[in-house]
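Biologist: Could you choose one part of this model and take me through it slowly? I would like to see how it fits into its surroundings.

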Amino acid sequence: MTTSTTADRQSEQLCFFETHFTTERSIEPVKTIALANQKGGVGKTTTAASLGIGLSRQGKKVLLIDADAQGNLTQMLGWPQPDELSPTLSTLMEKIIAEQPIAPGEGILHHPSGVHLVPANIELSALEVTLVNTMSRETVLRQYLSTVADRYDYALIDCMPSLGMLTINALTAADSVIIPVQAQYLPAKGLEQLLRTITRVKRQLNPKLEVDGIVLTMVDSRTTLAREINALIRKTYGGHVFASEIPRSIKAAEISVENKSIYDHDRSGKAALAYENLTREVLSLGKQIKRHRADPVR
Ligand SMILES: Nc1ncnc2c1ncn2[C@@H]1O[C@H](COP(=O)(O)OP(=O)(O)OP(=O)(O)O)[C@@H](O)[C@H]1O
């Protein structure tokens, strides 16, 4: 009878973990999604938090990145004083620019729901100015993400309400974009400008970039105008609009001050159910991508 030594057992365990780790990641690379719309107050942050936590509730490892100097996502997830936090996204991006090493897990906060967060604060505004004179200025966020990507299934980037250099960084780092649109106002001009920017980034910086779709937020079907705008957006953008619509809901509005997820705040309310449906749609898009990758002939 042979007795295995401690070294043998350790080597077996290492082999087991390496096999599983490599296999899992080669089949399921991280999917990075930017939530972008240069119009303010359309539900980007609420959607980033609720979709991120929704994906985590479905067993996915999720990293949320607050790429907005207002730090709204950071506050929504329970860090009410973003300006007192360090390190934040700006620190990490500064390290990438200065080619300094980033320690594993550095700057990443853990939310009780299971999602991880790279927080942001006002320092991100200064960083955006610095980026202008930085080499490869559009790819700094992508370079940062490449240092953490192997630990996550999804990375969601909450963009700021502008098409400035930070949003360009988010689009350059992303596999796809979700565009939250408040169904109350005609978004035509703003959307055209955003889609032009996405096309430019795809052509010049990030050929794999796709638009996952427009998600209608704060939908209030009680008024004729809202119903007409909803129908017009669906007619204009067709299959590029998610079937799930996020209804206007006081409970959804409250999560920005309650520091609770929509699932904890109003578990069976209409906004939680809508975000669950959106999560399922996003997961099914991931599956389509995987099928495509596994079978390139199709
Ligand atoms: N479904 C909803 N029903 C009602 N209010 C909502 C809903 N979703 C978000 N809100 C509220 O609308 C406001 C804007 O939402 P949110 O911060 O998510 O938008 P944003 O696009 O990230 O804004 P910004 O451009 O300033 O970053 C917030 O006060 C939020 O609480």
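Modeller: Happy to! Let me start with the interior: a nonpolar core is a set of buried Ala, Val, Leu, Ile, Met, Phe, Trp, Tyr and Cys residues joined through C-beta atoms within 7 Å. Buried means that 20 or more other C-beta atoms lie within 10 Å of a residue's own, exposed means 12 or fewer, and partly exposed is in between, with C-beta atoms placed from the backbone. Please keep in mind that this is a predicted model, in which local features need pLDDT of at least 70 and side-chain atom pairs count only at pLDDT 80 or more, while totals for chains, interfaces and linings use all residues. Residues are numbered from 1 along each chain as its sequence is written.

The largest nonpolar core holds 77 residues, and A34, L156, I157, A170 and L171 have the most contacts inside it. Helix α12 (residues 270–294) supplies the largest share of this core, 6 residues. Helices (H or I, at least four residues) and strands (E, at least two) are DSSP runs, numbered from the N terminus. L156 sits in strand β5 (residues 154–159) and counts as buried because 26 other C-beta atoms lie within 10 Å. Two residues are in contact if their C-beta atoms, placed from the backbone, lie within 7 Å. Not counting residues up to four places away in sequence, L156 touches I33, L35, A48, L51, G52, V62, L64 and I65. Of these partners, L35 is 121 residues away along the chain, yet its C-alpha atom is 7.1 Å from that of L156. With neighbours within four places left aside, L171 has contacts that include A34, A36, V177 and I198.

Now for the part I chose, helix α4 (residues 89–97). Its buried residues are L89, S90, L92, M93, K95 and I96. Among the elements that cover them are β2 (62–67), β4 (116–118), α5 and α6.

Two packed helices are described by the angle between their axes and the distance between the axes. Here the axes are lines fitted to C-alpha atoms, for helices over the stretch in contact, and angles run from 0 to 180 degrees between N-to-C directions. Angles under 35 degrees count as roughly parallel, over 145 as roughly antiparallel, 65 to 115 as roughly perpendicular and the rest as oblique.

With helix α6 (residues 140–148), α4 packs at about 100°, the axes being 9 Å apart. The two are therefore roughly perpendicular. On the α4 side the contact uses L92, M93, I96 and I97, and on the α6 side V140, L141, Q143 and Y144. For residue classes, Ala, Val, Leu, Ile, Met, Phe, Trp, Tyr, Cys and Pro count as nonpolar, Asp, Glu, Lys and Arg as charged, and the others, Gly among them, as polar. On that basis, this contact has 7 nonpolar, 1 polar and no charged residues.

With helix α5 (residues 123–131), the angle is about 25° and the axes are 8 Å apart, so α4 and α5 are roughly parallel. L89, S90, M93 and E94 of α4 meet E123, L124 and L127 of α5. This contact divides into 4 nonpolar, 1 polar and 2 charged residues. M93 thus takes part in the contact with α6 and in the one with α5.

Finally, α4 is followed by E99, which has a positive phi, near 55°.
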